[in-house]
Amino acid sequence: MKQISRGILAFDTSNYTTSAAVVDDSRNIVVDIRKGLEVKQGDRGLRQSYALFQHIENLPFLIERVFQEVNRDGIKAVAVSNKPRPLKDSYMPVFRGGEGFARAAAAALGVPLFCFSHQEGHLAAAGYGTSLERVDGEYLAYHLSGGTCELLLVQGERIEIIGGTKDISFGQLIDRAGVAMGMQFPAGSRMDAIALKIKGCNLPAEKNPFKPIALDGLRFNVSGIETQFIRALKGSGGEEEREVLVYWLFRSMLDCLAKLTVRAAKTRKNAKILFSGGVSSSRFLREGLAESLEKEPFDLGFGMPQLSSDNAVGIALLGGQALWR
């Protein structure tokens, strides 16, 4: 068991992952435990009621594991994500499970409780260990996950949506395409591996069968390329041809993000851009963006891949800031 004298216990109950974490007062990650929610083969997601039920089932086991690893006397506060975004009317049922459990844990331990949004947790986790960990002033950030595809302007604790998708997210696009190919939901990691494999073939850009994702200011639509992919998939021949379609799907997303980043960053001086959310853990997108934007005069921040997907670490880091501020 790890002995800590000052730590923050945190919970996050997102659409597809139950998470618990402990961070100490030196911002070291002491515990990071997650359990993915179960989705039936062929399904493209979960109803909120069933996701909430799974969180309620998972949370007791996660807290048991936490206290097998750390001494409970060292926990000085509990933190939790209680809504999707830092807005007054932001709400999603899955977060009520984590919030209720966190309130009970804080009361039992006799320590304060701090509440944050899931989005704030993503940004804190993605920034951890990067040049954007503690930025003075404003910066741009992407929140690219299963249900969110947004470009954000972050100014201290104020987060404003300034761009992103008008319809479905890139995460939904990837998962829906993967399920259409017979993969288990979520399909992000398998789809990313296929795109990386085909990338080595150096296919010329003019071979892309999909229309470019057009920008409307800092906004764009994604559902169109989903329709193109499904249509092309039905008309494809063998496995190799299907895998090439996955490559072009990822290449289209990459090109869109690169153009959007340049357009957004050129409106600000000394722009800093942080990529957060599970989609930003894609090696294909990370490497492609780094290559495409290498000569641009702004600072890109990619968090650790394991901290880009849903986790409670960012919430714990925020709890520490609130407690020791």
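**View 1. Helices α7 and α8 meet in a right-handed crossing.** In this predicted model, helix α7 spans residues 239-265 and helix α8 spans residues 283-292. Their axes come within 10 Å and cross at roughly 45 degrees. Angles from 35 to 65 degrees fall outside the roughly parallel and roughly perpendicular ranges, and α7 and α8 are therefore oblique to each other.

**View 2. Here are the side of α7 and the side of α8 that make the contact.** From α7, look for Y247, F250, R251, M253, L254, L257 and A258. Their partners on α8 are F284, L285, G288, L289 and S292. Sorted by character, the residues of this contact comprise nine nonpolar, two polar and one charged.

**View 3. Seven strands form an open sheet with mixed pairing.** Following the sheet across, you meet the strands in the order β9-β10-β8-β7-β6-β11-β12. At the edges lie β9 (215-216) and β12 (299-302), each of which pairs on one side only.

**View 4. β11 and β12 run in the parallel sense.** Strand β11 covers residues 272-276, and four bridges join β11 to β12. A handy place to start is K272, which stands opposite D299 in β12.

**View 5. Helices α3 and α7 each pack on the sheet.** Helix α3 (residues 118-127) touches β6 (138-144), β7 (149-155), β8 (158-165), β11 and β12. The direction of α3 makes about 110 degrees with that of β11. Helix α7, which you met in the opening view, touches β6, β7, β9, β10 (219-220), β11 and β12. The direction of α7 makes about 160 degrees with that of β6.

How values were computed. Residues are numbered from 1 along each chain as its sequence is written. This is a predicted model: local features need pLDDT of at least 70, side-chain atom pairs count only at pLDDT 80 or more; totals for chains, interfaces and linings use all residues. Side-chain values use heavy atoms; hydrogens and water are left out. Axes are lines fitted to C-alpha atoms, for helices over the stretch in contact, and angles run from 0 to 180 degrees between N-to-C directions. Helices (H or I, at least four residues) and strands (E, at least two) are DSSP runs, numbered from the N terminus. Angles under 35 degrees count as roughly parallel, over 145 as roughly antiparallel, 65 to 115 as roughly perpendicular and the rest as oblique. A crossing is left-handed if the near helix is turned anticlockwise from the far one by less than a right angle, and right-handed if clockwise. Contact means heavy atoms within 4.5 Å. Ala, Val, Leu, Ile, Met, Phe, Trp, Tyr, Cys and Pro count as nonpolar, Asp, Glu, Lys and Arg as charged, and the others, Gly among them, as polar. Two strands pair if DSSP finds at least two bridges between them.
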